[in-house]
Amino acid sequence: MKSMKREILRKINSLPTLVFQVNHPTKHFQSHLTTNTQHDNEMFCQNISSHLANDVDQEKIKNISSCEYEIYHSCTTTTTTTTSTVPLSTPQSLQESDTMEENKTLDDFEYKCPPGGKDAVIFYTTSLRGIRKTFEDCNTIRILLDSFRVVYCERDVSLDIEYRDELWRILGGRIVPPRLFIRGRHIGGADEVVGFHEQGILKKLLHGIPLISSNFPCKGCCGIRFVLCLSCHGSCKIIDLEGKATNGYRIRCAECNENGLFKCPVCS
């Protein structure tokens, strides 16, 4: 019986301590810290320092992100201001440019007249297939001219070197065919001629040019415009029987070009 009383008294004496712990948790926490060991204090300080470090890192990240946002915002505003100042082409301006292109005449092209091309169509071309694009471009312009059935003079630079030198002298450089001239005006190469044809300008530029009266090619050269030399038979060399200096040796044929050809007397 006495032991039970002692136990009850002990519990009653411990009640103020519990009430004090509930009503004053900070003081209890401080007193608890003072009673802990040195190891617990060190662990506690490490936890606090790690939490503070995390808070500092998060603050830096926020500052960096805010700076990046400001830089991005400034870049986007600059881009929008610069793009807004660029003048956009309106449909009206595009329509006006198209109208100006369609109203082109021969007077709008540069005057560079080849020999005999004042009132004719001169077409510088090549029949060599070493460069496929050049050969195809020449065929493209030839097909267009044949479709309009106009009379034109084709000058193949691969068959006669005089045509090549003539083209370089007119345009002032080592220009590659094809090149088209209409009544002394330089129209351009394949890209320009095809573009004018698609816009309907080429037909206007060829207005007034005589049309082909026959559906058949030339009987002398079959449309090649060159024939084989009858003196040297294409060898470019003949025997000088009368020359005293050569003693009957071969000399250069004066009637043909470097390829042993001369212009067709029927269609030239």
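**Exercise 1. Place helix α5 on the sheet.**
Task: State which strands α5 lies across, and the angle at which α5 runs to β1.

Solution. Work on the predicted model. Helix α5 lies across β1 (121–125), β2 and β3. Its direction makes an angle of about 155 degrees with β1.

Next, take α6. This helix lies across β1, β2, β3 and β4. It runs at about 70 degrees to β3.

**Exercise 2. Lay out the sheet.**
Task: Give the strand order of the open sheet, then name the edge strands.

Solution. Start with the order. The sheet has four strands, arranged β2-β1-β3-β4, and the pairing is mixed. Now look for strands that pair on one side only: these are β2 and β4 (185–188), the edges. From one strand to the next, the twist averages 25 degrees.

Then zoom in on one pair. Strands β3 (residues 179–182) and β4 run antiparallel, joined by three bridges. Here Phe 181 faces His 186 of β4. In general, strands of a sheet pair through backbone hydrogen bonds, either parallel or antiparallel.

**Exercise 3. Describe how α5 meets α7.**
Task: Find the crossing angle of α5 and α7, its handedness and the residues in contact.

Solution. First, the geometry. The axes of α5 (residues 132–148) and α7 (residues 190–198) come within 9 Å. They cross at roughly 35 degrees. The crossing is left-handed.

Second, the residues. From α5 come Asp 137, Thr 140, Ile 141, Leu 144 and Phe 148. From α7 come Ala 190, Val 193, Val 194 and His 197.

Third, sort them. Six are nonpolar, two are polar and one is charged.

**Exercise 4. Survey the largest pocket.**
Task: Report the volume of the largest pocket and describe its lining.

Solution. Begin with the space: about 940 Å³. Count the lining next: 33 residues. Nearest the centre lie Tyr 152, Glu 154, Gly 223, Arg 225 and Cys 267.

Now trace the elements. At least two lining residues come from each of α5, β2 (153–156) and α6 (161–171). By type, the lining holds 15 nonpolar, eight polar and 10 charged residues.

**Exercise 5. Repeat for the second largest pocket.**
Task: Report the volume of the second largest pocket, and say which element gives the most to its lining.

Solution. The volume is about 250 Å³. Its lining has 14 residues, and those closest to the centre are Thr 126, Thr 134, Val 157, Val 176 and Pro 177. Helix α6 gives the most, with three residues. Sorting the lining yields eight nonpolar, four polar and two charged.

Methods:
Residues are numbered from 1 along each chain as its sequence is written. This is a predicted model: local features need pLDDT of at least 70, side-chain atom pairs count only at pLDDT 80 or more; totals for chains, interfaces and linings use all residues. Side-chain values use heavy atoms; hydrogens and water are left out. Axes are lines fitted to C-alpha atoms, for helices over the stretch in contact, and angles run from 0 to 180 degrees between N-to-C directions. A crossing is left-handed if the near helix is turned anticlockwise from the far one by less than a right angle, and right-handed if clockwise. Contact means heavy atoms within 4.5 Å. Ala, Val, Leu, Ile, Met, Phe, Trp, Tyr, Cys and Pro count as nonpolar, Asp, Glu, Lys and Arg as charged, and the others, Gly among them, as polar. On a 1 Å grid over the protein atoms alone, a cavity is a set of points where a 1.4 Å probe fits but cannot get out, and a pocket is an open set with protein on both sides within 12 Å along at least five of seven lines; lining residues have an atom within 4 Å of a point. Grid points are joined across faces, edges and corners, and a volume is the space filled by probe spheres set on the points. Two strands pair if DSSP finds at least two bridges between them.
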